[in-house]
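Subject: Structure for you to look at

Hello,

Here is the structure I said I would pass on. Please open it and keep it beside this message as you read.

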Amino acid sequence: MAIVGLTNAGDHQLPHHGKSRAVDDEAAAADYCLKGVRHLSDAGITRLPGRYVLPASDRPGASVCISTGCSARVKLPVVDLARLRVPTERAAVLSTIYTACRDYGFFQVVNHGVDSEAIAGMLDVAARFFELPFPERARYMSPDVRAPVRYGTSFNQANDAVLCWRDFLKLSCVPTLADVVPSWPDSPADLRDVASAYAEASRRVFVEIVEAALEALGIGDGEDGVIEELATAGSQMMTVNCYPACPQPELTLGMPPHSDYGFLTLVLQDDVEGLQVMHDGEWLTVDPVPGSFVVNVGDHFEVLNYTTSAIFNSYHRTYDKPTCTSTWN
């Protein structure tokens, strides 16, 4: 499959010195792309660099990206944790969880107990991190995909043949927050306090959702010990994603179609849509619900399908702006 060359790097502003400098310009273009999409967006490019252009068969198309009203939409099933805590309503909520996992692999959680100030603070500090000058963000760049603190672009910018229109900051939350927070970025000055408070609060939601999902599947935690295993041997990774304005969104994706590796993912979106789920062979754009968490089933949770005969479908992609996710595996 043909991919547009790196020399098609946009109207703005990689230096051009004529054909004799073609090789040097390609190298400069490659370096420019590897600094990430926020760097490109801030530079004001008007055409997509070649390394971000997907093969024609993989592109989202103009109907999705240019006019999102033309794309199919979905309101995910809503799980109200306040109702889950009421004994007479618990069974109905568990039924909603089971059906949502079976039909979508996704649902939205409301009344989860995470303070609105914690949510707003997390979205705010995430936005301010990506507004930092590139050299400040670049301190945390690493080719090691297992690094406990890692800033980068795409999935693994050193190896990806086609880059995704996404920058990210990954923050490990294990073995304990006390162990890892000192290694997190110290700018913005409140990032460590805000992000650690959010990580702790969202983990409590995660545990409650896992307990409910296991119950919905008819898997008692007693002899299985899934919750205990997650608490003692599991991991928690917080990933802050940034999807800035893209000059040609019909040619690329923020994240390609994939399922998540871990157990469950809690996604905190801002008010800019961009998450899509695969349902009945069609990509559906998820309507954001302010203050809610989007929960999707990861590969590890899906293994439980073999004991329950439930069908979990958690294939998804993104094409738009910032989200903040917390993933446990």
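What percentage of the 329 residues of the chain count as buried? In this predicted model, the figure is 51%. The chain has 13 helices and 13 strands. Among contacts in the chain with a separation of 6 or more, 75% are between residues 24 or more positions apart.

Helix packing

Two packed helices are described by the angle between their axes and the distance between the axes. Helix 9 (residues 191–216) appears in both of the pairs below.

Take helix 6 (residues 116–130) with helix 9 to begin. Their axes come within 9 Å and cross at roughly 135 degrees. The two helices are therefore oblique to each other, and helix 6 passes helix 9 in a left-handed crossing. On the helix 6 side, the contact is made by A118, G121, M122, V125 and F129. On the helix 9 side, L191, V194, A195 and Y198 take part. Sorted by class, this contact of helix 6 with helix 9 has 8 nonpolar residues, 1 polar residue and no charged residues.

Now take helix 5 (residues 90–103) with helix 9. These two pack with their axes 9 Å apart, at an angle of about 85 degrees. Helix 5 is therefore roughly perpendicular to helix 9. Helix 5 contributes R90, L94, I97 and Y98 to the contact, and helix 9 contributes A212, A213, E215 and A216. By class, the contact of helix 5 with helix 9 has 6 nonpolar residues, no polar residues and 2 charged residues.

A buried glutamine

Q108 lies in strand 3 (residues 106–110). Is Q108 buried or exposed? Its relative accessible area is 2%, and the cut-off for buried is under 20%, so Q108 is buried. The side chain of Q108 reaches the backbone oxygen of D287 at 3.3 Å. Leaving out residues up to four places away in sequence, Q108 touches L76, P77, V78 and V79, together with V286, D287, P288, V289, S292, F293 and V294. D287 thus appears twice for Q108: in the list of residues touched and as the partner of the side chain.

Two loop residues

D144 is found in the loop between helix 7 (134–138) and strand 4 (149–153). With a relative accessibility of 39%, D144 counts as partly exposed. A polar atom of the D144 side chain lies 2.9 Å from the backbone nitrogen of R146. D144 and N156 are 12 residues apart along the chain, and their C-alpha atoms are separated by 8.7 Å.

P182 is in the loop between helix 8 (177–180) and helix 9. Its relative accessible area is 53%; the cut-off for exposed is over 50%, so P182 is exposed. P182 touches L177 and R192, when residues up to four places away in sequence are not counted. For P182 and R192, the C-alpha to C-alpha distance is 7.8 Å, with their positions 10 residues apart in sequence.

Backbone details

Most residues other than glycine have a negative phi, and most peptide bonds are trans. The next four items are worth finding in the viewer.

Which residues are joined by a cis peptide bond with omega of about 10 degrees? They are V174 and P175. P175 is found in the loop between strand 5 (167–172) and helix 8. A cis peptide bond also joins S187 and P188, with omega of about -5 degrees. P188 lies in the loop between helix 8 and helix 9, where P182 is also placed.

N111 is not a glycine, and its phi is positive, near 50 degrees. N111 is found in the loop between strand 3 and helix 6. At 45% relative accessibility, N111 counts as partly exposed.

D280 is also a residue other than glycine with a positive phi, near 55 degrees. Its place is in the loop between strand 9 (275–279) and strand 10 (282–286). D280 counts as exposed, at 72% relative accessibility.

Regards

Definitions and conventions: Residues numbered from 1 in each chain as written. Predicted model: local features only at pLDDT ≥ 70, side-chain atom pairs only at ≥ 80, totals over all residues. Heavy atoms only, no water. Helix = DSSP H or I, 4+ residues; strand = E, 2+ residues; numbered from the N terminus. Buried < 20%, exposed > 50% of the residue type's maximum accessible area, 1.4 Å probe, protein only. Polar contact = N/O pair within 3.5 Å; in protein donor to acceptor, adjacent residues only side chain to side chain. Contact = heavy atoms within 4.5 Å. Axes fitted to C-alpha atoms, helices over the stretch in contact; angles between N-to-C directions. Parallel < 35°, antiparallel > 145°, perpendicular 65-115°, else oblique. Left-handed = near helix turned anticlockwise from the far one by under 90°. Nonpolar A, V, L, I, M, F, W, Y, C, P; charged D, E, K, R; others polar.
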